[in-house]
Amino acid sequence: MRHEILNYLFSGISRVKGVGGSTSEALCRLLPVSTTIAGAKIPIIRDLLFHLPVGLLDRRFTCPLVSAPDGVIATFVVTVETHLPSPTSARRYGKKPYKVICGNETGDIALIFFNPRADYLKQALPVGAQRVISGRTEKFDYRLQMTHPDIITTVDKLADVQKPEPVYPLTLGLSSRRIYKIVVEALEKTPELPEWLAPEMLTEKNWKSWKQSLLAAHNPQAQEDLQPVFAARMRLAYDEMLANQLHLAILRRNRQQQAGEVITGTGKLTEQLLQELPYKLTQGQVEVLTEIADDIASGNRMGRLLQGDVGSGKTIVALLSMLRAVEQGLQCALMVPTEIVAGQHFEVISNLVSKLPVSVALLSGRVKGKERKEILDNLASGKTNIIIGTHALFQEQVEFANLAFIVIDEQHRFGVNQRMALSGKGNAPHILHMTATPIPRSLTMTLYGDMECSLLKEKPAQRQAITTRIVPLSRYEEMMDRMKSALERGEKAYWICPLIEDNSNQDSLDITPEKDIAAAKSRYAEFKARFGDMVGIVHGQMKGEERDEIMHDFASGKTRLLVATTVVEVGVDVRDATIIVIEKAERFGLSQLHQLRGRVGRGDKASACVLLCSDSAGEVARSRLSILRETEDGFRIAEADLAIRGGGDLLGTRQSGLPRFIFTDLLEHQELLEQAREDVTQFLESDNSMESKRGAALKVLLQLFNY
Ligand code: ADP
Ligand code: MG
């Protein structure tokens, strides 16, 4: 139940005085529509208030009329001298404006109106009267004029006019002045909410109450007041992060309080596997394994995130951890985002455990009928120890005998909801999330704050470096020659395109002279003509089966040049691929490019990554890419990406679960985020059930942000 103090903020904007038909429609285009009133979806007042100005209009500038510069916003006090209505006879030669000549002791100015209502002008600008006018100055034939002044008013309103005006992100049919008026109206009716911040914090930061801060944020007095570090905006951002961190902390606490199967294992399977491994575990792998072992032996439910760059060796960590559960007769599930990856993991893991008494099964959407029933039966009876599959694993019909441990690979590919839904299976199973998308700490905190985190920093040694080059499209033919000789030498290459199909319309008016249409299908046709049968294509519109077959052909060497979209980004392991060309690299995020680059350099041969840029890609775009040339450290790349593009883009997908922050700028407010996390931890330690006065206020805060 929502606290009643929030009722006004959560009601539709139509409740604000003056918000009727067309204004309401315009606001619907501007704000998220989150409530339904009389069958129509409309925004709520909270979101109107959360729509902060992005600029400031300062009308305080004035000067002698004779020396007024061209093209500035200025305010003058003038006396109306004469009205010069548009000459009716001239109408057919186009618009002749209506002019009103005004002046003062410093000079003259002509006010220009096109198609005015003459009676309105007569009344607003009576001859002989003093008026305040404000708007953009223009020079025409060396004379000063102002077309359609923004403001015409009486002299007693001068002080009002000189107040700085907030400028809002706009939509057709709504001016900033109008939005501001509505906001002020709504703020007046908005109650003060109970203070959820600690008094010491308010004092230390010199922050005002929530409502006062909102008011200040809507009334910037200077450019600095628009910056994320402006006190009012800091407070609003802090509130937002506090809500986020509190929400995650509660989830974390609730999970930690759940009992989890105590898994200590016997060591039999894990030891045997370790002996058989052709390599030694890295120090990092050993450390992470210990962290996981401690978690699952604790009696509480594990929820741990394992972050490790592509190729850091997460699979073996997952397998060794699962084997502990298997040693104890418990079942494990490994969930991956696509069928291709499921198949690959199945092969790899089956191989690794081939000499152990462990039964591994693959549940694929493709397996039907009798075969499928057998897999499901074995799962239900407990005969299968480890099951591998996509999220289909967690559909209703799939029954487990004693599922105790779930591994989710490429975690970032799943939405938060899928992540949560899955916890329902089995008896509060331990969950290990794994992701190869290195993300900066601030994002980890907001995205995975409900979990404990482990990091695999180093990569197994003897890995071959990948040479990364940035190549302009004008060197395409040269590249093709090299590609040809590489393919003739028997090497394998990926060719990545941002699009599947060229859907630019030939008849359209878009005449950008780019012949380089980076569409997979066109490239495929072209390469087929050049290189013949060794070319394959894979993209997201294909069915799982078809894709699998093509990936298989590529892995087996039947094809050696694979044209693809970013579907190959995740987890595909073709160890002897040595070249990856990414076309229109400037269109991709750095992290995504890094991820794609990880498709090569997996075997023992030196590899190359070519970032092919349009010739039209600017200097900025290219220098951005150069960080990929400098480093293979996914975290450094991710930090750079965050700095350039902001959190939402970094993760590429909306449903990544990253909260869409309104006030928070994860770069500017990183330190505040740390403080919010600390604040929450301390608070929950002192008042675990949130029963104190501050606890009650914090509950309101959670609701304010829809948690
Ligand atoms: P990712 O973290 O991207 O999932 P994988 O688990 O697929 O990485 O591991 C990449 C490759 O590195 C695999 O071929 C694996 O066998 C190998 N590998 C893993 N750990 C080690 C290690 N300690 N020493 C050498 N090679 C390793
Ligand atoms: Mg992997």
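S22 sits in helix α1, which spans residues 21–30; helices here are DSSP runs of H or I at least four residues long, strands are E runs of at least two, and both are numbered from the N terminus. S22 counts as exposed because its relative accessibility is 57%, where exposed means over 50% relative accessible area, buried under 20%, and partly exposed in between, with a 1.4 Å probe and protein chains only. Take D615 as a second landmark: S22 and D615 are 593 residues apart in sequence, and their C-alpha atoms are 45 Å apart in space.

A quick word on what you're looking at. This is a predicted model, in which local features need pLDDT of at least 70 and side-chain atom pairs count only at pLDDT 80 or more, while totals for chains, interfaces and linings use all residues. Residues are numbered from 1 along each chain as its sequence is written, chains are lettered from A and ligands numbered from 1 in the order in which they are written, and side-chain values use heavy atoms, with hydrogens and water left out.

Now step back to the whole protein chain. You'll find 24 helices and 24 strands, and the C-alpha atoms fill a box of roughly 105 × 70 × 45 Å along the principal axes. Of the 707 residues, 52% count as buried. If you take contacts (heavy atoms within 4.5 Å) between residues at least 6 apart in sequence, 73% of them join residues at least 24 apart.

On to the inside. A nonpolar core here is a set of buried Ala, Val, Leu, Ile, Met, Phe, Trp, Tyr and Cys residues joined through side-chain atoms within 4.5 Å. The largest one has 73 residues, and L27, W196, W210, L242 and L704 touch the most other members. Helix α8 (residues 231–257) gives this core its largest share, eleven residues. A second core, separate from that one, has 55 residues, including L473, L562, V568 and L593.

W210 is worth clicking on. Leaving aside neighbours within four places in sequence, W210 has contacts that include L9, F50, W196, R235, D239 and L704.

Finally, have a look at helix α9, residues 268–276, where L269, T270 and L273 are buried. They lie on the same side of α9 because they cover an arc of only 95° around the axis, judged by the directions from the helix axis to the C-beta atoms. The cover over the buried residues of α9 includes α11 (314–327) and α12 (339–352). Flip to the other side of α9 and K268, E271 and Q275 are exposed.
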